[in-house]
Amino acid sequence: MALITKKIKGTEDVLPKQSYRWQFIENIMREESRAYGFREIRTPVFEHTELFARGVGQTTDVVQKEMYTFDTKGGESVTLRPEGTAGAARAVLEHALENEGLPIKASYFVSCYRYEKPQAGRLREFHQFGIEEYGTQSPLADAEVICLAQSVLDRLGLGDVRLEINSIGCPTCRAKYNEALRAYFSQYQDQLCPTCLTRLEKNPMRLLDCKSPEDHKIAEGAPKITDYLCEECEDHFGEVKRYLDSAGVAYTVNPTIVRGLDYYTKTVFEFITDSIGAQGTVCGGGRYDGLIEELGGKHLPSLGFAMGLERLLMVMDAQGVEIPQPEPCALYIATMGDAAKVKAFSLLSRVRACGLTAETDVVGRGLRAQMKYADKIGAAYSVVLGDNEIAENKAKVKNMNSGEQTELALDDTFAEKFSVLTLTDKTAFKI
Ligand code: HAM
């Protein structure tokens with residue numbers, strides 16, 4: 001039978017020797033989001049297609065071109081989530097979380113699926129860490145959410161990441177702005193890509209983030225939303241900036257940021273780096289005051305962001321940020337004979353119960369090969385158990401780095417004494 005050894009284009013494997021890098025950044029994200037009062041939400045990887053069509057928006061690239069949509073055997077149209085916001089909003093609505101008190105603060109780790117053209121930093125399956133906050137219209141919440149993203153990026157040790165913010169207004173200011181955009185882009189009708197032509201009537205703001213280079217050039221001269229903000233949106237944006245200033249968070253206002261998803265209102269922001277080429281946006285987010293209503297709920301002004309984990313790891317690599325290696329195996333028990341195997345098995349579980357990594361031979365290797373393996377996995381200490389050790393009920397634990405040996409009884413005190421040894425003599429650990 002032919003081997004199936006090729007992953008699907010635009011997907012990536014995370015192998016056992018790389019996963020500590022993911023865990024490192026995920027732990028920081030968990031800690032920081034907890035510090036800001038967010039608790040994790042987990043939602044299904046697929047949802048009714050309608051959720052994304054309505055939530056993310058019919059005229060977005062994501063919905064028009066990039067969704068993995070299929071009919072189930074029951075004839076339902078479902079879609080692999082292209083992002084985390086719509087699913088989280090659906091869950092908030094479905095479980096009426098607003099009854100538990102506002103604001104609702106949720107964080108998540110999700111895999112996302114977009115049928116985009118794969119390139120460095122752009123995948124078809126990628127992973128996001130995100131947070132969403134529901135039930136606040138205060139600009140303080142905008143600033144707080146941005147500060148949380150900044151804290152995560154700071155703790156990851158990233159330099160050269162800039163924060164760009166903008167306000168894209170509310171439906172009131174958007175109406176006037178859309179008129180101005182229609183008037184502007186109508187002059188270039190013969191040069192616009194077919195998708196943008198269809199967007200011109202329905203949602204002209206989408207023309208501003210078209211990926212076609214020609215349309216992008218035309219978009220550069222388009223009217224700017226910041227000149228069309230209503231008083232309320234202008235004030236809100238002013239307050240967000242004031243809070244960011246007071247927290248010492250550096251930003252630039254970039255009036256061309258409109259984001260690629262339709263639900264945004266008022267504040268939008270992106271954290272961007274030049275370290276990894278064209279796909280340099282590591283985090284994007286903003287306010288979406290109308291989404292919950294759009295999905296059938298009541299008015300629940302909300303906001304959030306998501307960061308791309310693959311992109312963050314790329315930036316950390318590009319910038320030479322060191323990710324601490326996990327502690328290797330603390331104890332390898334090499335065995336000779338059946339009695340030793342049984343003894344090892346009982347010792348191991350006790351050592352492991354002390355929170356240490358411990359291993360023994362499970363493939364039937366000879367002693368030399370077992371010791372070679374212990375070396376290969378970087379075991380800090382090793383012990384050889386044979387008939388003599390079992391008979392005497394004691395064995396020598398060897399520091400694999402210095403060769404120094406410490407005799408320990410093979411009784412109930414072994415695990416605890418070994419644990420103390422690892423704490424007092426760190427020279428054995430090669431990290
Ligand atoms: P987004 O800007 O589409 O926003 O994605 C957020 C982040 O996910 C991007 O900044 C990027 O780091 C990463 N990302 C997006 N597409 C890809 C891809 N094809 N390959 C690798 N990484 C990618 C959202 O998804 C919104 N739901 C964010 C949000 C949450 N807004 C409010 N709440």
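**Ligand shell, pocket and cavity**

Trainee: In this predicted model, a backbone N or O atom of Phe-305 lies 3.3 Å from a nitrogen atom of the ligand. What makes that pair a polar contact?

Mentor: The cut-off for a pair of N or O atoms is 3.5 Å. Phe-305 has a backbone N or O atom at 3.3 Å from a ligand nitrogen, so the pair counts as a polar contact.

Trainee: How do you know how much of the ligand is covered by the protein?

Mentor: On its own, the ligand has 650 Å² of accessible area, and the protein covers 96% of that.

Trainee: Which other backbone atoms pass the polar contact test?

Mentor: Among them are those of Leu-123 and Thr-281. A backbone N or O atom of Leu-123 is 2.9 Å from a ligand nitrogen, and one of Thr-281 is 2.9 Å from a ligand oxygen. Both values lie within 3.5 Å, so both pairs qualify.

Trainee: What makes a residue part of the shell around the ligand, and how many residues are there?

Mentor: One heavy atom within 4 Å is enough. The ligand is surrounded by 27 residues, of which Glu-83, Thr-85, Glu-116, Glu-132 and Tyr-264 are the closest. Strand 10 (281–287) supplies at least two of the shell residues, as do strand 6 (125–134) and strand 11 (302–308). The largest share, six residues, is that of strand 10.

Trainee: How is the shell divided by class?

Mentor: Into eleven nonpolar, nine polar and seven charged residues. Tyr-264 is in the shell and is counted as nonpolar, because Tyr is on the nonpolar list.

Trainee: What lines the second largest pocket?

Mentor: Its lining has 19 residues, with Pro-171, Tyr-263, Thr-265, Gly-290 and Leu-291 nearest the centre. Helix 2 (49–55), helix 6 (171–186), strand 9 (265–273) and helix 10 (291–294) each give two or more residues. Helix 6 gives the largest share, three residues. The pocket has a volume of about 380 Å³, and its lining comprises five nonpolar, seven polar and seven charged residues.

Trainee: Why is one space called a pocket and another a cavity?

Mentor: A pocket is open, whereas from a cavity a 1.4 Å probe cannot get out, so the way out decides the name. The count is one cavity of 30 Å³ or more, and the largest cavity has a volume of about 30 Å³.

Trainee: Which residues line the largest cavity?

Mentor: Thr-43, Pro-44, Glu-47, Phe-52, Arg-81, Glu-83, Gly-84, Gly-87 and Ala-88. By class that is three nonpolar, three polar and three charged residues. Gly-84 and Gly-87 are in this lining and count as polar, because Gly is placed in that class.

Methods. Residues are numbered from 1 along each chain as its sequence is written. This is a predicted model: local features need pLDDT of at least 70, side-chain atom pairs count only at pLDDT 80 or more; totals for chains, interfaces and linings use all residues. Side-chain values use heavy atoms; hydrogens and water are left out. A polar contact is a pair of N or O atoms within 3.5 Å; within protein, one must be able to donate a hydrogen and the other to accept it, and residues adjacent in sequence count only if both atoms are side-chain atoms. Accessible areas come from the Shrake-Rupley method with a 1.4 Å probe; for residues, only the protein chains shown count as cover. Helices (H or I, at least four residues) and strands (E, at least two) are DSSP runs, numbered from the N terminus. On a 1 Å grid over the protein atoms alone, a cavity is a set of points where a 1.4 Å probe fits but cannot get out, and a pocket is an open set with protein on both sides within 12 Å along at least five of seven lines; lining residues have an atom within 4 Å of a point. Grid points are joined across faces, edges and corners, and a volume is the space filled by probe spheres set on the points.
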